[in-house]
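Got your viewer open? Let's take a short tour, one selection at a time.

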Amino acid sequence: SVEGEATATAVDESGTEEPIDQVAIYRDHGLSLFMDKKFEEAIIEFEKVLKTHPDDKLALEFSYRAHYELALTLFEKKDYLSARDQFRSCLQYKKECQKCHAYIQKSEDTYKEIHYRKGIQSFQKEELHQAIEEWELVCALDPDYKKTSDLIKKAKVILKKIEEIKRNQQE
């Protein structure tokens, strides 16, 4: 028995005790989940295999594939940062994955551009708090993106002036 493995046994039809290969059960279950496109659940099963057998070629390959398929699904759903994180996970299994590197960049670029534009639209509608929130999402990822930091400062100055005017009108 390999260290860390369950040493359970099962009795076959002839009454003979047979060792249960728990790792094989996890691997088979992971493959079944993968085929059913249940990628998150498959990843969990493959992780169980890799805990005791870190060099298991099948578990490594399908962990990569499951993360990749999950990443593509998230990207299509426009959940760009989650997609980016899944593509990064792919790199744990295949560092040379050029598509993964490209998708990581594309995920971040798309996320930044979408929130930058939402900020511009909110600003044009004079929804300054919303504009600031959108631009802060961009700055969290890339403070230098299209001078978003400057836009936040300008919006905050305008908000402060509006609040001063409102206070003066109430006096």
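Before we click on anything, a word on axes: these are lines fitted to C-alpha atoms, for helices over the stretch in contact, and angles run from 0 to 180 degrees between N-to-C directions. Helices here are DSSP runs (H or I, at least four residues), and they are numbered from the N terminus. You're looking at a predicted model, where local features need pLDDT of at least 70 and side-chain atom pairs count only at pLDDT 80 or more, while totals for chains, interfaces and linings use all residues. Residues are numbered from 1 along each chain as its sequence is written, and side-chain values use heavy atoms, with hydrogens and water left out.

**Stop one: a pair of helices**

Select residues 80-93, helix α4, and then residues 98-124, helix α5. How do they pack? The angle between α4 and α5 is about 165°, and their axes lie 9 Å apart. Angles over 145 degrees count as roughly antiparallel, so α4 and α5 are roughly antiparallel to each other.

Now show the side chains where they meet (contact means heavy atoms within 4.5 Å). On the α4 side you'll find, among them, Tyr80, Phe87 and Cys90, and on the α5 side residues including Cys100, Tyr103 and Ile114.

**Stop two: Gln86**

Stay in α4 and pick Gln86. Is Gln86 buried or exposed? Buried means under 20% relative accessible area, exposed over 50%, and partly exposed in between (1.4 Å probe, protein chains only). With a relative accessible area of 16%, Gln86 is buried. Leaving aside neighbours within four places in sequence, Gln86 touches Ile43, His67, Leu70, Ala71 and Leu74, so light those up too.

**Stop three: the cysteines**

Next, select Cys97 and Cys100, which are joined by a disulfide with an S to S distance of 2.3 Å. The cut-off for a disulfide is a pair of cysteine sulfur atoms within 2.5 Å. A disulfide is a covalent bond between the sulfur atoms of two cysteines. How many disulfides does a search of the whole structure find? Just one. Look along the S-S bond: with 75° about it, the link of Cys97 and Cys100 is right-handed.

Cys97 counts as buried at 8% relative accessibility, and Cys100 is buried too, at 0%. Add Cys90, which is in no disulfide: its nearest cysteine sulfur, that of Cys100, is 4.2 Å away. Cys90 is buried, with a relative accessible area of 0%. Finish on Cys139, which is buried at 16%.

Technical notes. Helix = DSSP H or I, 4+ residues; strand = E, 2+ residues; numbered from the N terminus. Parallel < 35°, antiparallel > 145°, perpendicular 65-115°, else oblique.
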